[in-house]
Amino acid sequence: MAGAASRGYKVVKVHHGEPYEMKRFAAMSTRLRGYAMRMTVSGALAQPLTQFLASIALAIVLAIAVMQSTTDQTTIGGFVAFVTAMLLIISPLKHLIDINQPLQRGVTAAELIFGLIDEPAEPAGGGRALLRAQGKVEFQQVCFSYGQANAPTLRDLSFTVAPGEVCAFVGQSGSGKTTLINLLPRFFDPSAGQILIDDVPLTEYCLTDVRSQLAFVSQEVVLFNDSIAANVAYGQTIDRLRVEQALAAAHLTELIAELPEGMDTAIGGNGMRLSGGQRQRLAIARAIYKDAPILILDEATSALDAESERHVQAALEVLMRGRTTLVIAHRLATIERANRILVLEAGQIVEQGGHAELLQQNGRYAQLYHLQHQSQQVT
Ligand SMILES: Nc1ncnc2c1ncn2[C@@H]1O[C@H](COP(=O)(O)OP(=O)(O)OP(=O)(O)O)[C@@H](O)[C@H]1O
Ligand SMILES: [Mg+2]
(Lines give C-alpha, C1' and ligand atoms only; values in the text may rest on other atoms or scores of the structure.)
(Ligands and ions follow the chains in the order given, each with its own letter.)
Protein backbone atom coordinates (compact mmCIF):
# COMPACT_ATOMS: atom_id res chain seq x y z
CA MET A 1 0.00 0.00 0.00
CA ALA A 2 2.69 2.40 1.04
CA GLY A 3 4.54 1.37 -2.06
CA ALA A 4 1.57 2.07 -4.28
CA ALA A 5 1.17 5.50 -2.67
CA SER A 6 4.78 6.45 -3.12
CA ARG A 7 4.79 5.34 -6.76
CA GLY A 8 1.42 6.95 -7.48
CA TYR A 9 2.98 10.26 -8.34
CA LYS A 10 4.73 8.72 -11.33
CA VAL A 11 1.44 7.57 -12.82
CA VAL A 12 -0.06 11.01 -12.20
CA LYS A 13 2.82 12.79 -13.89
CA VAL A 14 3.16 10.45 -16.85
CA HIS A 15 -0.55 10.48 -17.60
CA HIS A 16 -0.84 14.19 -17.00
CA GLY A 17 -3.31 13.49 -14.22
CA GLU A 18 -2.60 16.74 -12.33
CA PRO A 19 -5.81 18.56 -13.36
CA TYR A 20 -7.86 15.47 -12.55
CA GLU A 21 -6.19 15.02 -9.15
CA MET A 22 -6.63 18.73 -8.41
CA LYS A 23 -10.30 18.47 -9.21
CA ARG A 24 -10.61 15.46 -6.95
CA PHE A 25 -8.81 17.31 -4.19
CA ALA A 26 -11.07 20.37 -4.60
CA ALA A 27 -14.21 18.20 -4.56
CA MET A 28 -13.03 16.45 -1.41
CA SER A 29 -12.19 19.77 0.24
CA THR A 30 -15.64 21.14 -0.59
CA ARG A 31 -17.27 18.09 0.93
CA LEU A 32 -15.13 18.41 4.04
CA ARG A 33 -15.98 22.10 4.32
CA GLY A 34 -19.67 21.21 4.00
CA TYR A 35 -19.38 18.75 6.88
CA ALA A 36 -17.45 21.20 9.03
CA MET A 37 -20.02 23.88 8.27
CA ARG A 38 -22.92 21.64 9.20
CA MET A 39 -21.18 20.69 12.43
CA THR A 40 -20.57 24.31 13.39
CA VAL A 41 -24.09 25.40 12.46
CA SER A 42 -25.76 22.62 14.43
CA GLY A 43 -23.46 23.38 17.36
CA ALA A 44 -24.18 27.10 17.17
CA LEU A 45 -27.93 26.53 16.85
CA ALA A 46 -28.03 24.32 19.90
CA GLN A 47 -26.78 27.07 22.20
CA PRO A 48 -29.41 29.80 21.64
CA LEU A 49 -32.06 27.14 21.65
CA THR A 50 -31.07 25.88 25.09
CA GLN A 51 -30.72 29.45 26.32
CA PHE A 52 -34.22 30.17 25.09
CA LEU A 53 -35.71 27.04 26.65
CA ALA A 54 -33.88 27.70 29.91
CA SER A 55 -35.17 31.27 29.97
CA ILE A 56 -38.76 30.08 29.45
CA ALA A 57 -38.37 27.50 32.21
CA LEU A 58 -36.88 30.16 34.46
CA ALA A 59 -39.73 32.58 33.73
CA ILE A 60 -42.35 29.94 34.52
CA VAL A 61 -40.68 28.88 37.75
CA LEU A 62 -40.16 32.50 38.73
CA ALA A 63 -43.85 33.23 38.08
CA ILE A 64 -44.85 30.32 40.30
CA ALA A 65 -42.45 31.51 43.01
CA VAL A 66 -43.82 35.05 42.84
CA MET A 67 -47.36 33.72 43.02
CA GLN A 68 -46.51 31.61 46.03
CA SER A 69 -44.85 34.54 47.79
CA THR A 70 -47.85 36.80 47.26
CA THR A 71 -50.08 34.21 48.89
CA ASP A 72 -47.58 33.96 51.77
CA GLN A 73 -46.69 30.38 50.99
CA THR A 74 -42.97 31.14 51.13
CA THR A 75 -40.57 33.35 53.08
CA ILE A 76 -38.26 35.99 51.56
CA GLY A 77 -35.23 33.84 52.41
CA GLY A 78 -36.79 30.85 50.69
CA PHE A 79 -37.64 32.95 47.65
CA VAL A 80 -34.09 34.35 47.29
CA ALA A 81 -32.52 30.92 47.79
CA PHE A 82 -34.83 29.49 45.14
CA VAL A 83 -34.02 32.17 42.55
CA THR A 84 -30.26 31.87 43.20
CA ALA A 85 -30.43 28.10 42.73
CA MET A 86 -32.32 28.65 39.47
CA LEU A 87 -29.66 31.01 38.17
CA LEU A 88 -26.88 28.67 39.17
CA ILE A 89 -28.38 25.72 37.34
CA ILE A 90 -28.38 27.46 33.95
CA SER A 91 -24.64 27.31 33.37
CA PRO A 92 -24.22 23.53 34.03
CA LEU A 93 -27.26 22.95 31.85
CA LYS A 94 -25.57 24.81 29.00
CA HIS A 95 -22.41 22.77 29.45
CA LEU A 96 -24.44 19.60 29.30
CA ILE A 97 -25.72 20.59 25.86
CA ASP A 98 -22.21 21.44 24.68
CA ILE A 99 -21.09 17.91 25.49
CA ASN A 100 -23.44 16.50 22.90
CA GLN A 101 -21.29 17.39 19.89
CA PRO A 102 -17.99 15.81 20.98
CA LEU A 103 -19.96 12.89 22.33
CA GLN A 104 -21.52 12.24 18.91
CA ARG A 105 -18.13 12.50 17.28
CA GLY A 106 -16.72 10.05 19.82
CA VAL A 107 -19.53 7.58 19.21
CA THR A 108 -18.86 7.63 15.46
CA ALA A 109 -15.14 7.09 16.01
CA ALA A 110 -15.85 4.32 18.50
CA GLU A 111 -18.01 2.55 15.93
CA LEU A 112 -15.06 2.50 13.52
CA ILE A 113 -12.64 1.32 16.18
CA PHE A 114 -14.92 -1.41 17.48
CA GLY A 115 -15.52 -2.52 13.91
CA LEU A 116 -11.78 -3.03 13.57
CA ILE A 117 -11.52 -4.79 16.93
CA ASP A 118 -14.36 -7.09 15.92
CA GLU A 119 -12.51 -8.25 12.81
CA PRO A 120 -11.96 -11.97 13.19
CA ALA A 121 -8.43 -12.77 14.39
CA GLU A 122 -6.19 -14.90 12.23
CA PRO A 123 -6.53 -18.57 13.10
CA ALA A 124 -3.69 -19.52 15.44
CA GLY A 125 -3.47 -22.90 13.77
CA GLY A 126 -3.01 -26.22 15.51
CA GLY A 127 -0.49 -26.81 18.24
CA ARG A 128 1.93 -28.80 16.15
CA ALA A 129 5.43 -27.36 16.05
CA LEU A 130 7.49 -27.36 12.88
CA LEU A 131 11.11 -26.44 13.30
CA ARG A 132 12.39 -27.01 9.82
CA ALA A 133 10.34 -28.70 7.14
CA GLN A 134 11.77 -31.18 4.66
CA GLY A 135 9.96 -29.19 2.04
CA LYS A 136 7.32 -31.48 0.57
CA VAL A 137 4.27 -29.52 -0.50
CA GLU A 138 1.01 -31.13 -1.49
CA PHE A 139 -2.30 -29.70 -2.65
CA GLN A 140 -5.28 -32.03 -2.37
CA GLN A 141 -8.38 -31.06 -4.34
CA VAL A 142 -8.06 -27.45 -3.29
CA CYS A 143 -10.88 -25.06 -4.16
CA PHE A 144 -11.02 -21.38 -3.37
CA SER A 145 -13.23 -18.41 -4.07
CA TYR A 146 -13.01 -14.78 -2.96
CA GLY A 147 -16.30 -14.42 -1.08
CA GLN A 148 -19.41 -16.47 -1.67
CA ALA A 149 -20.78 -14.28 -4.43
CA ASN A 150 -17.77 -14.72 -6.70
CA ALA A 151 -17.18 -17.63 -9.00
CA PRO A 152 -14.51 -20.03 -7.70
CA THR A 153 -10.99 -18.79 -8.47
CA LEU A 154 -9.33 -22.18 -7.93
CA ARG A 155 -11.03 -25.44 -8.78
CA ASP A 156 -10.00 -28.85 -7.59
CA LEU A 157 -6.23 -28.38 -7.67
CA SER A 158 -4.12 -31.40 -6.83
CA PHE A 159 -0.36 -31.70 -7.15
CA THR A 160 2.71 -32.64 -5.15
CA VAL A 161 6.09 -30.93 -5.09
CA ALA A 162 8.93 -33.08 -3.74
CA PRO A 163 11.58 -31.57 -1.42
CA GLY A 164 14.10 -29.54 -3.38
CA GLU A 165 12.02 -29.61 -6.55
CA VAL A 166 11.27 -26.54 -8.63
CA CYS A 167 7.67 -26.33 -9.74
CA ALA A 168 6.66 -23.55 -12.10
CA PHE A 169 3.17 -22.21 -12.67
CA VAL A 170 2.25 -20.56 -15.90
CA GLY A 171 -1.05 -19.32 -17.18
CA GLN A 172 -2.74 -16.23 -18.45
CA SER A 173 -3.23 -13.18 -16.30
CA GLY A 174 -6.07 -13.81 -13.88
CA SER A 175 -5.84 -17.60 -14.07
CA GLY A 176 -5.29 -17.80 -10.30
CA LYS A 177 -1.53 -18.18 -9.93
CA THR A 178 -1.05 -15.57 -7.21
CA THR A 179 -4.16 -16.80 -5.42
CA LEU A 180 -2.75 -20.32 -5.38
CA ILE A 181 0.54 -19.40 -3.75
CA ASN A 182 -1.18 -17.07 -1.27
CA LEU A 183 -2.82 -20.15 0.21
CA LEU A 184 0.51 -21.55 1.44
CA PRO A 185 1.27 -18.85 4.05
CA ARG A 186 -2.45 -19.06 4.95
CA PHE A 187 -3.26 -15.53 3.84
CA PHE A 188 -6.48 -17.30 2.92
CA ASP A 189 -7.68 -20.82 3.59
CA PRO A 190 -9.09 -23.06 0.86
CA SER A 191 -12.86 -23.41 0.80
CA ALA A 192 -12.47 -27.12 0.15
CA GLY A 193 -9.61 -29.59 0.08
CA GLN A 194 -6.37 -29.22 1.99
CA ILE A 195 -2.73 -28.28 1.70
CA LEU A 196 0.00 -30.32 3.33
CA ILE A 197 3.60 -29.62 4.19
CA ASP A 198 5.62 -32.76 4.92
CA ASP A 199 2.38 -34.79 4.74
CA VAL A 200 0.69 -32.84 7.55
CA PRO A 201 -2.20 -30.42 6.86
CA LEU A 202 -1.25 -26.76 7.25
CA THR A 203 -4.06 -26.20 9.74
CA GLU A 204 -2.44 -28.61 12.22
CA TYR A 205 0.74 -26.56 12.44
CA CYS A 206 1.18 -23.44 14.49
CA LEU A 207 0.63 -20.51 12.09
CA THR A 208 3.93 -18.78 12.86
CA ASP A 209 5.78 -22.06 12.31
CA VAL A 210 4.19 -22.48 8.89
CA ARG A 211 5.18 -18.96 7.89
CA SER A 212 8.73 -19.37 9.14
CA GLN A 213 9.15 -22.23 6.64
CA LEU A 214 8.43 -19.92 3.74
CA ALA A 215 10.47 -17.29 2.00
CA PHE A 216 8.28 -15.13 -0.18
CA VAL A 217 9.43 -12.98 -3.06
CA SER A 218 6.30 -11.34 -4.36
CA GLN A 219 5.29 -9.74 -7.62
CA GLU A 220 5.52 -6.29 -6.03
CA VAL A 221 8.73 -5.77 -4.11
CA VAL A 222 7.97 -4.16 -0.76
CA LEU A 223 10.83 -2.35 0.93
CA PHE A 224 10.76 -0.29 4.08
CA ASN A 225 12.09 3.19 4.64
CA ASP A 226 15.08 1.95 6.59
CA SER A 227 18.68 0.88 6.02
CA ILE A 228 19.62 -1.85 3.56
CA ALA A 229 20.70 -4.12 6.42
CA ALA A 230 17.37 -3.67 8.21
CA ASN A 231 15.51 -4.48 5.00
CA VAL A 232 17.51 -7.66 4.41
CA ALA A 233 17.19 -8.89 8.00
CA TYR A 234 13.56 -7.78 8.19
CA GLY A 235 11.76 -9.40 11.14
CA GLN A 236 14.97 -10.81 12.60
CA THR A 237 17.95 -9.45 14.49
CA ILE A 238 20.61 -8.01 12.22
CA ASP A 239 23.61 -10.30 11.93
CA ARG A 240 25.94 -8.11 9.88
CA LEU A 241 28.05 -10.96 8.61
CA ARG A 242 25.04 -12.90 7.38
CA VAL A 243 23.56 -9.75 5.84
CA GLU A 244 26.80 -9.25 3.98
CA GLN A 245 26.71 -12.83 2.72
CA ALA A 246 23.10 -12.52 1.62
CA LEU A 247 23.87 -9.29 -0.21
CA ALA A 248 26.82 -10.93 -1.93
CA ALA A 249 24.72 -13.93 -2.94
CA ALA A 250 22.14 -11.53 -4.37
CA HIS A 251 24.82 -9.78 -6.45
CA LEU A 252 24.58 -6.55 -4.53
CA THR A 253 28.14 -6.27 -3.21
CA GLU A 254 29.14 -3.77 -5.89
CA LEU A 255 26.22 -1.52 -5.15
CA ILE A 256 26.89 -1.60 -1.41
CA ALA A 257 30.55 -0.76 -1.98
CA GLU A 258 29.55 2.37 -3.90
CA LEU A 259 27.20 3.65 -1.22
CA PRO A 260 28.62 6.10 1.31
CA GLU A 261 27.30 4.27 4.33
CA GLY A 262 27.37 0.76 2.87
CA MET A 263 24.64 -1.50 4.15
CA ASP A 264 23.55 1.15 6.64
CA THR A 265 22.43 3.46 3.85
CA ALA A 266 18.76 4.37 4.06
CA ILE A 267 16.96 3.48 0.85
CA GLY A 268 13.97 5.81 1.12
CA GLY A 269 10.26 4.99 1.04
CA ASN A 270 9.83 1.63 -0.70
CA GLY A 271 13.43 1.72 -1.87
CA MET A 272 12.96 4.83 -4.00
CA ARG A 273 16.70 5.32 -4.24
CA LEU A 274 17.23 1.94 -5.91
CA SER A 275 16.70 0.77 -9.46
CA GLY A 276 14.09 -1.85 -10.35
CA GLY A 277 16.66 -4.62 -10.66
CA GLN A 278 18.35 -3.62 -7.41
CA ARG A 279 15.03 -3.66 -5.60
CA GLN A 280 14.34 -7.17 -6.88
CA ARG A 281 17.77 -8.32 -5.81
CA LEU A 282 17.27 -6.79 -2.37
CA ALA A 283 14.04 -8.79 -2.03
CA ILE A 284 16.00 -11.89 -3.05
CA ALA A 285 18.69 -11.07 -0.46
CA ARG A 286 15.94 -10.89 2.17
CA ALA A 287 14.73 -14.36 1.17
CA ILE A 288 18.30 -15.72 1.23
CA TYR A 289 18.76 -14.26 4.72
CA LYS A 290 15.60 -15.94 5.94
CA ASP A 291 16.97 -19.28 4.74
CA ALA A 292 13.59 -21.03 4.72
CA PRO A 293 13.20 -24.52 3.22
CA ILE A 294 10.31 -23.53 0.96
CA LEU A 295 10.56 -20.68 -1.46
CA ILE A 296 7.63 -18.95 -3.08
CA LEU A 297 8.43 -16.76 -5.99
CA ASP A 298 5.96 -14.59 -7.84
CA GLU A 299 8.16 -13.21 -10.56
CA ALA A 300 7.75 -9.60 -11.53
CA THR A 301 6.25 -9.15 -14.96
CA SER A 302 8.27 -6.02 -15.59
CA ALA A 303 11.17 -6.72 -17.90
CA LEU A 304 14.64 -5.62 -16.87
CA ASP A 305 17.53 -4.77 -19.13
CA ALA A 306 19.85 -7.63 -20.06
CA GLU A 307 22.56 -6.73 -17.54
CA SER A 308 20.13 -6.39 -14.63
CA GLU A 309 18.35 -9.54 -15.72
CA ARG A 310 21.60 -11.49 -15.63
CA HIS A 311 22.25 -10.35 -12.05
CA VAL A 312 18.73 -11.19 -10.94
CA GLN A 313 18.95 -14.64 -12.57
CA ALA A 314 22.26 -15.32 -10.84
CA ALA A 315 20.79 -14.22 -7.51
CA LEU A 316 17.75 -16.46 -8.05
CA GLU A 317 20.05 -19.36 -8.83
CA VAL A 318 21.63 -19.07 -5.38
CA LEU A 319 18.28 -18.58 -3.70
CA MET A 320 16.62 -21.65 -5.24
CA ARG A 321 19.49 -24.00 -4.48
CA GLY A 322 18.42 -26.80 -2.12
CA ARG A 323 14.93 -25.39 -1.55
CA THR A 324 11.52 -26.50 -2.64
CA THR A 325 10.49 -23.76 -5.01
CA LEU A 326 7.03 -22.82 -6.18
CA VAL A 327 7.49 -20.19 -8.80
CA ILE A 328 5.10 -18.19 -10.90
CA ALA A 329 7.34 -17.84 -13.83
CA HIS A 330 7.35 -15.09 -16.38
CA ARG A 331 10.97 -15.46 -17.37
CA LEU A 332 11.90 -18.15 -19.82
CA ALA A 333 15.12 -18.91 -17.94
CA THR A 334 13.19 -19.75 -14.76
CA ILE A 335 10.71 -21.93 -16.60
CA GLU A 336 13.40 -23.91 -18.35
CA ARG A 337 15.06 -24.60 -15.01
CA ALA A 338 11.86 -25.98 -13.46
CA ASN A 339 11.51 -29.70 -12.87
CA ARG A 340 7.83 -29.48 -13.63
CA ILE A 341 5.52 -26.93 -15.15
CA LEU A 342 1.84 -26.69 -14.27
CA VAL A 343 -0.32 -24.80 -16.70
CA LEU A 344 -3.28 -23.06 -15.10
CA GLU A 345 -6.38 -21.94 -16.88
CA ALA A 346 -9.35 -20.39 -15.07
CA GLY A 347 -8.18 -21.89 -11.78
CA GLN A 348 -7.64 -25.42 -13.07
CA ILE A 349 -4.53 -27.36 -14.04
CA VAL A 350 -4.88 -28.11 -17.72
CA GLU A 351 -1.41 -29.47 -18.48
CA GLN A 352 1.71 -30.51 -16.64
CA GLY A 353 5.16 -31.76 -17.46
CA GLY A 354 8.65 -30.60 -18.39
CA HIS A 355 9.35 -27.74 -20.77
CA ALA A 356 10.39 -29.90 -23.74
CA GLU A 357 7.66 -32.43 -23.08
CA LEU A 358 4.95 -29.79 -22.98
CA LEU A 359 6.22 -28.14 -26.12
CA GLN A 360 6.02 -31.46 -27.86
CA GLN A 361 2.43 -31.96 -26.75
CA ASN A 362 1.65 -28.83 -28.69
CA GLY A 363 -1.19 -27.87 -26.37
CA ARG A 364 -1.95 -24.85 -24.21
CA TYR A 365 1.62 -24.43 -23.00
CA ALA A 366 3.04 -24.54 -26.51
CA GLN A 367 0.49 -21.92 -27.50
CA LEU A 368 1.44 -19.62 -24.61
CA TYR A 369 5.08 -20.17 -25.32
CA HIS A 370 4.89 -19.35 -29.01
CA LEU A 371 2.71 -16.35 -28.27
CA GLN A 372 5.35 -14.85 -26.02
CA HIS A 373 8.45 -16.32 -27.56
CA GLN A 374 9.54 -13.25 -29.41
CA SER A 375 9.73 -11.18 -26.26
CA GLN A 376 11.57 -14.07 -24.58
CA GLN A 377 8.89 -14.36 -21.93
CA VAL A 378 6.10 -16.73 -21.10
CA THR A 379 3.19 -15.25 -19.21
N1 LIG B 1 -8.62 -9.88 -3.31
C2 LIG B 1 -9.39 -10.33 -4.32
N3 LIG B 1 -10.74 -10.25 -4.23
C4 LIG B 1 -11.54 -10.70 -5.21
N5 LIG B 1 -11.07 -11.25 -6.34
C6 LIG B 1 -9.75 -11.36 -6.51
C7 LIG B 1 -8.83 -10.90 -5.51
N8 LIG B 1 -7.57 -11.14 -5.94
C9 LIG B 1 -7.70 -11.70 -7.15
N10 LIG B 1 -8.99 -11.85 -7.50
C11 LIG B 1 -9.50 -12.47 -8.74
O12 LIG B 1 -9.06 -13.81 -8.80
C13 LIG B 1 -8.62 -14.15 -10.09
C14 LIG B 1 -7.21 -14.69 -10.07
O15 LIG B 1 -6.33 -13.66 -9.67
P16 LIG B 1 -4.78 -13.89 -9.47
O17 LIG B 1 -4.23 -12.68 -8.86
O18 LIG B 1 -4.59 -15.17 -8.73
O19 LIG B 1 -4.29 -14.06 -10.98
P20 LIG B 1 -2.82 -14.32 -11.55
O21 LIG B 1 -2.89 -15.61 -12.27
O22 LIG B 1 -1.83 -14.19 -10.46
O23 LIG B 1 -2.66 -13.14 -12.62
P24 LIG B 1 -1.32 -12.30 -13.02
O25 LIG B 1 -0.54 -13.17 -13.95
O26 LIG B 1 -1.88 -11.12 -13.72
O27 LIG B 1 -0.59 -11.94 -11.77
C28 LIG B 1 -8.80 -12.90 -10.95
O29 LIG B 1 -9.95 -13.05 -11.72
C30 LIG B 1 -8.96 -11.77 -9.96
O31 LIG B 1 -9.86 -10.83 -10.44
MG1 LIG C 1 -0.26 -12.71 -10.05
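In this predicted model, four strands make up an open sheet in the order β2-β1-β4-β5, and their pairing is antiparallel. Two of these strands, β2 (154–161) and β5 (200–201), are the edge strands, each pairing on one side only. Strand β1 covers residues 137–144 and strand β4 covers residues 192–197; five bridges join the two, which run antiparallel. Within this pairing, Gln-140 stands opposite Gln-194 in β4.

Strand β1 also holds Gln-141. The phi of Gln-141 is positive, near 45 degrees, in a residue other than glycine. Is Gln-141 buried or exposed? Gln-141 has a relative accessible area of 51% and is therefore exposed, since the cut-off for exposed is over 50%.

A positive phi is also found at Asp-291, where the value is about 50 degrees although the residue is not a glycine. Asp-291 belongs to a loop, with α9 (276–290) on one side and β7 (294–298) on the other. Its relative accessibility is 38%, so Asp-291 counts as partly exposed.

On the domain level, the assignment for the protein chain gives domain 1 (2–117) and domain 2 (137–375). How many Å separate the centres of domain 1 and domain 2? Taken over C-alpha atoms, the separation of the two centres is 54 Å.

The next topic is the membrane annotation. An unreviewed UniProt entry lists residues 49–67 and 74–93 under "transmembrane region". The table gives the computed helix and strand content of each segment, together with the distance between its end C-alpha atoms.

| Residues | Helix | Strand | End C-alpha atoms apart |
|---|---|---|---|
| 49–67 | 100% | 0% | 27 Å |
| 74–93 | 90% | 0% | 26 Å |

A nonpolar patch on the surface is formed by Leu-49, Phe-52, Leu-53, Ile-56, Ile-60 and Ile-64. Together these residues have about 590 Å² of accessible area. One member of the patch, Ile-64, is placed in helix α2, which spans residues 18–70. Why does Ile-64 count as partly exposed? The relative accessible area of Ile-64 is 44%, and partly exposed is the class between under 20%, which is buried, and over 50%, which is exposed.

Methods: Residues numbered from 1 in each chain as written. Chains lettered and ligands numbered in written order. Predicted model: local features only at pLDDT ≥ 70, side-chain atom pairs only at ≥ 80, totals over all residues. Heavy atoms only, no water. Domains from an automatic or database assignment. Pairing = 2+ DSSP bridges. UniProt positions renumbered as here; feature names shortened; annotations may be inferred. Buried < 20%, exposed > 50% of the residue type's maximum accessible area, 1.4 Å probe, protein only. Patch = residues over 30% accessible without salt bridge, like charges linked within 9 Å, V, L, I, M, F, W, Y side chains within 5 Å. Areas by Shrake-Rupley, 256 points an atom, 1.4 Å probe, with all protein chains shown as cover. Salt bridge = Lys/Arg side-chain N within 4 Å of Asp/Glu carboxyl O.
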